[in-house]
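The following exercises ask the reader to work through a set of contacts and accessibilities step by step. Each task is followed by its solution.

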2 protein chains.
Amino acid sequence: MIQSKGYAAQTPETDLAVWDFERREVGAHDVQIEILFCGVCHSDLHQIKNEWFPGVFPMVPGHEIVGKVIKVGNHVKNFKLGDLAGVGCLVDSCQVCENCKEGLEQYCLDGNTQTYNNKGRDGVPTYGGYANNIVVREEFVLHISDKLPLAATAPLLCAGITTYSPLKHWKVGKGHKLAVLGLGGLGHMGVKFGVAFGAEVTVLSTSPSKEAAAKELGAHHFVVTSDPEQVKEVIGTFDFILDTVSAPHDMNMYLSLLKTNGIHICVGVPTEAMSVQAFSLLGGRKSVAGSNIGGLPETQEMLDFCAAHQIVSDIELIDIKDITASYERMIKGDVRYRFVIDMATL
Amino acid sequence: MIQSKGYAAQTPETDLAVWDFERREVGAHDVQIEILFCGVCHSDLHQIKNEWFPGVFPMVPGHEIVGKVIKVGNHVKNFKLGDLAGVGCLVDSCQVCENCKEGLEQYCLDGNTQTYNNKGRDGVPTYGGYANNIVVREEFVLHISDKLPLAATAPLLCAGITTYSPLKHWKVGKGHKLAVLGLGGLGHMGVKFGVAFGAEVTVLSTSPSKEAAAKELGAHHFVVTSDPEQVKEVIGTFDFILDTVSAPHDMNMYLSLLKTNGIHICVGVPTEAMSVQAFSLLGGRKSVAGSNIGGLPETQEMLDFCAAHQIVSDIELIDIKDITASYERMIKGDVRYRFVIDMATL
């Protein structure tokens, strides 16, 4: 076994703290990565606090992982020592069901294996990226370009693919009006991708103070959703809303902002059920859809797209010892737009 | 003005009763139809009871209207005296917005004019088909084939187009597994169209007693949704659910029955908001969509399709004096599958 060091929550009630644990030995198809940076996703906090479902404890969060390959198994074909590599939200899946065969491992019909807060196909708990290393079978390891700043690349592994995938799936691009709801880790990537794909992008936010920042990210318009006058002006105008908000919000109001045939795409996960009036949908053949991260081939495509277009996340690099304080700032929305842990501080 | 006779609710608290009222004179672009049959839609009851929104009273319900042309205006081009003709849920729209130009008058951006419980563009209340005649501009009048039994054609004007349109829009057909939720006026038409389009059709119902009837309509399978064992067998198996139920129901359970990328299409309108967990959508890139009747060109297309394929509604012909008792039976689901008023009894 590989002696490893990370930050873990021992229970939902305790703060994260240093924890020594074991990773499996590097198998024939495995890649071991020395983790250099790991992004801090809001879902890390949801999960260590058991807000979605009872978790697997002790829990080492983190699924926006980048680093260097330090060991490869005998049968590994696509990675070698010293390569930059990344790991996102998934570390395994059945790889034989129709979804896996289509590269939709996130929707594996046998259930995917998540990077942390899960048990692997061997029954052993998975531990995430707030750690000095990780061992993952190569099919779930991504190539990371050396043309991008490495720390700012980490959030692409979750926030990036989570927003890239639905925009690609629903073919959002030139001629479309896209609203991005919420300007946090996911939202700011949604703006960057929406702009890169050629859409006319509007940020919808309750915080007037975010307007300048939204425009800096490339957004064409900004609407303060707490101002009824501003909202009235955009009723029936959007082809798509990319909804990155995980706090409860008024779905029927947002649905009224869509054009006929418009699609409201949820990528955030509110802990409470959404309340949707049938009339809000029937009134314009509208849809509420959900999209969950992305499969491995598409994640690699996204990373390559980002390298080609010089797209990374806007980040604030933190010391891992400040993780609890950073969570508190994240809850308040006080981060532009993603904390990334410098694993040298572990 | 044209002296007319119909059945009206004077208030939401009173039963329908005979009422004499006036229609406008036949204008240059108008067609006057002697109403021979009118279907009884569940939405008639929702509206006279003010269950959706405050109505326009006195209210003459009815938007599944067939009859004979008895007068045409000077500029009417497509109808002549003696033609069979139908009127559905719409009698007017702006006719110039982008949706109207695309034949999506039901989504008119200026607001469509409904056949009853609405005010026309002249400010005058509209009165529906529980009456001896109706005057409608010709763009909103449909041609009815003489190859189909006329009374059974009436429900096509609402129940027919409401189920035909979404199946066409989402291209439901060969190779698809379609579940039809609810086997009433809408549901039984959904089964007929689903089968006609080549889909493998399953009826989902809480009533085991409906299985034989569902199979008679052409459904390939039947699942009793109150039986957890039967439900378990169809988890993750449907490409589409056509949801015709207007009583509250557990959306998250039904969403679990969809395949990856599956679409739950609502055509019924529950009076309460639907409660949808984000995970129910994200777990398989699923959607909840709504569809509202259909536009005029598509309604004509549907009627022509029905004539070519000998598709009509299964009906029970009633005397208009029995309308209140028929509503009571409709609430209990005791009708196969649509009451149609024989207007000779008025």
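**Exercise 1.** Is Lys259(B) buried, partly exposed or exposed, and what is its relative accessible area? Describe its salt bridge and compare the equivalent pair in chain A.

Solution. The model is a predicted one.

Step 1. Lys259(B) has a relative accessible area of 26%. Buried requires under 20% and exposed over 50%, so Lys259(B) is partly exposed.

Step 2. The partner in the salt bridge is Asp239(B), and the closest N and O atoms are 3.5 Å apart. Lys259(B) belongs to strand 14 of chain B and Asp239(B) to strand 13 (residues 238-243), so the bridge ties together parts 20 residues apart in sequence.

Step 3. Asp239(B) has a relative accessibility of 16% and counts as buried.

Step 4. In chain A, Lys259(A) forms a salt bridge with Asp239(A), with 3.5 Å between the closest N and O atoms. Here strand 14 (residues 258-266) holds Lys259(A) and strand 13 (residues 238-243) holds Asp239(A), 20 residues apart. Lys259(A) is partly exposed at 28%, while Asp239(A) is buried at 16%.

**Exercise 2.** Which parts of chain A does the salt bridge of Lys192(A) and Asp314(A) link? Assign each residue to an accessibility class.

Solution.

Step 1. The two side chains meet at 2.6 Å, N to O.

Step 2. Lys192(A) is in helix 5 (residues 185-196), whereas Asp314(A) is in the loop between helix 10 (296-309) and strand 17 (315-319); the two residues are 122 residues apart.

Step 3. Lys192(A), at 16% relative accessibility, counts as buried. Asp314(A) has a relative accessible area of 29% and is partly exposed.

Step 4. Over all chains, the count comes to 24 salt bridges.

**Exercise 3.** Where is Ser165(A) placed, and which residues does Ser165(A) touch beyond those up to four places away in sequence?

Solution.

Step 1. Ser165(A) is in helix 4 (residues 159-169) of chain A.

Step 2. The relative accessible area of Ser165(A) is 1%; the cut-off for buried is under 20%, so this residue is buried.

Step 3. Within chain A, Ser165(A) touches Ser291(A), Ile293(A), Gly294(A) and Glu298(A); from chain B, the residue touched is Arg285(B).

Step 4. One of these contacts is polar: the side chain of Ser165(A) lies 2.6 Å from the side chain of Glu298(A) in a polar contact.

**Exercise 4.** How many residues does each chain give to the contact between chain B and chain A? Characterise the interface by its area, polar contacts and composition.

Solution.

Step 1. The contact takes 36 residues from chain A and 36 residues from chain B.

Step 2. Together the chains bury about 2900 Å², of which 62% is on carbon and sulfur atoms.

Step 3. The rule finds zero salt bridges across this interface, but nine residue pairs in polar contact, both residues being at pLDDT 80 or more.

Step 4. On the side of chain B that touches chain A, the elements giving two or more residues are helix 4 (159-169), strand 14 (258-266), strand 15 (274-276), helix 9 (278-282) and strand 16 (287-290). By class, this side has 18 nonpolar, 15 polar and three charged residues.

Step 5. Strand 16 (residues 287-290) of chain A is joined by three bridges to strand 16 of chain B, and the two strands run antiparallel. In this pairing, Val288(A) stands opposite Val288(B).

Methods:
Residues numbered from 1 in each chain as written. Chains lettered and ligands numbered in written order. Predicted model: local features only at pLDDT ≥ 70, side-chain atom pairs only at ≥ 80, totals over all residues. Heavy atoms only, no water. Helix = DSSP H or I, 4+ residues; strand = E, 2+ residues; numbered from the N terminus. Buried < 20%, exposed > 50% of the residue type's maximum accessible area, 1.4 Å probe, protein only. Polar contact = N/O pair within 3.5 Å; in protein donor to acceptor, adjacent residues only side chain to side chain. Contact = heavy atoms within 4.5 Å. Buried area = accessible area lost by both parts, 1.4 Å probe. Salt bridge = Lys/Arg side-chain N within 4 Å of Asp/Glu carboxyl O. Nonpolar A, V, L, I, M, F, W, Y, C, P; charged D, E, K, R; others polar. Pairing = 2+ DSSP bridges.
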